[in-house]
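Here's a quick walk through the model below, going from the whole chain down to single residues and rings. Have a look at the fold first.

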Amino acid sequence: MEADPRFAGFVAERGDALLRYGYVLAGNPHDAADLVQEALLKLRASWPGVRAKDNPESYVRTTMARLHTATWRLRRRELLTWDPPEHGYHDTPPGEGERALEQALAGLPRRQRVVLVLRYYEGLSDEEIATVLKISRGTVRSQASRALGKLRSAVGGTTVGGSTANGFAVGESTARGFAVAEDIEEGVMSEHGERR
């Protein structure tokens, strides 16, 4: 297969954004890099067809969401800690509210986490999420409702980014890139986690 400079240009241009998206899905930079790498391999294999549709990023993001929920990801069992490595780059640690939100997100089942990421980070509707994950719209709503309930109970009254709604901490983003699009403020979500 001959190298296509447009593929290399796409990877160079959108690689960082895809890594951030992978981080939001996976919760750690290593799994995020794995997701991006796997998705880009699939994109490369189908590059001529995807390029013709003129939306390769959408293809990669959909592939990443599906890979994250796939069974091969379930086999990986890693215990992640907040302890930094002995040597290396030291990022600013998250605040207590942000850390609680990240830990609560990491504790969600994969499908619930993916539904929240697609809904709040990507801004997709329930119908679009159902299409991406190949599940029913009702399943999307129930998964989102359960996930939000778990987050509300896990995070409690802590505040992330300065505001709290319905006992669930919300804010623009967490220090680690978890922009779980916190538009869960009053009027956007019903008490059952459904969009209004």
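## A look at the helices and rings

At 24% relative accessibility, Y121 counts as partly exposed, where buried means under 20% relative accessible area, exposed over 50% and partly exposed in between, using a 1.4 Å probe and protein chains only. Before going on, a word on ground rules: this is a predicted model, so local features need pLDDT of at least 70 and side-chain atom pairs count only at pLDDT 80 or more, while totals for chains, interfaces and linings use all residues. Numbering starts from 1 along each chain as its sequence is written, and side-chain values use heavy atoms, with hydrogens and water left out.

Zooming out, the chain has nine helices and two strands; these are DSSP runs numbered from the N terminus, with helices being H or I of at least four residues and strands E of at least two. The order from the N terminus is α-α-α-α-α-α-α-α-α-β-β. Of the 196 residues, 41% count as buried. Take the contacts (heavy atoms within 4.5 Å) with a separation of 6 or more: 63% of them involve residues 24 or more positions apart. The exposed area is about 10,900 Å², with carbon and sulfur atoms supplying 50% of it; accessible areas come from the Shrake-Rupley method with a 1.4 Å probe, and for residues only the protein chains shown count as cover.

Now to α1. D4 caps its N-terminal end, with a side-chain oxygen 2.9 Å from the backbone nitrogen of R6. The helix has a kink of about 55° centred on R14, the bend being the angle between axes fitted to the seven residues ending there and the seven starting there. After α1 comes G27, whose phi is positive, near 90°. Here is how α1 and α4 span out, where the expected span is 1.5 Å times one less than the number of residues:

| Helix | Residues | Count | End-to-end C-alpha distance | Expected span |
|---|---|---|---|---|
| α1 | 5-26 | 22 residues | 29 Å | 32 Å |
| α4 | 56-69 | 14 residues | 20 Å | 20 Å |

Ten of the 14 residues of α4 are buried, so this helix is largely enclosed by the rest of the structure. Among those buried residues are V60, M64, L67 and even R61.

How many aromatic pairs are there? Rings of Phe, Tyr and Trp (its six-membered ring) pair if their centres lie within 6.5 Å, with planes under 30 degrees apart counted as stacked, over 60 as edge-to-face and the rest as tilted, and the count comes to three. F10 and W47 make a tilted pair, 6.2 Å centre to centre with 40° between the planes. That pair links distant parts of the chain, F10 in α1 and W47 in helix α3 (residues 47-53), 37 residues apart. Both F10 and W47 are buried. The rings of Y21 and Y121 have centres 5.9 Å apart and planes at 25°, so they are stacked. Here Y21 in α1 meets Y121 in α7, 100 residues apart. Y21 is buried, at 1% relative accessible area. As for clusters, F7, F10 and W47 form one.

Two more residues deserve a stop. R119, in helix α7 (residues 110-121), is buried with a relative accessible area of 1%. L101 sits in helix α6 (residues 96-106) and is buried, also at 1%. L101 and R152 are 51 residues apart in sequence but 9.5 Å apart in space, C-alpha to C-alpha.

Terms used: Polar contact = N/O pair within 3.5 Å; in protein donor to acceptor, adjacent residues only side chain to side chain.
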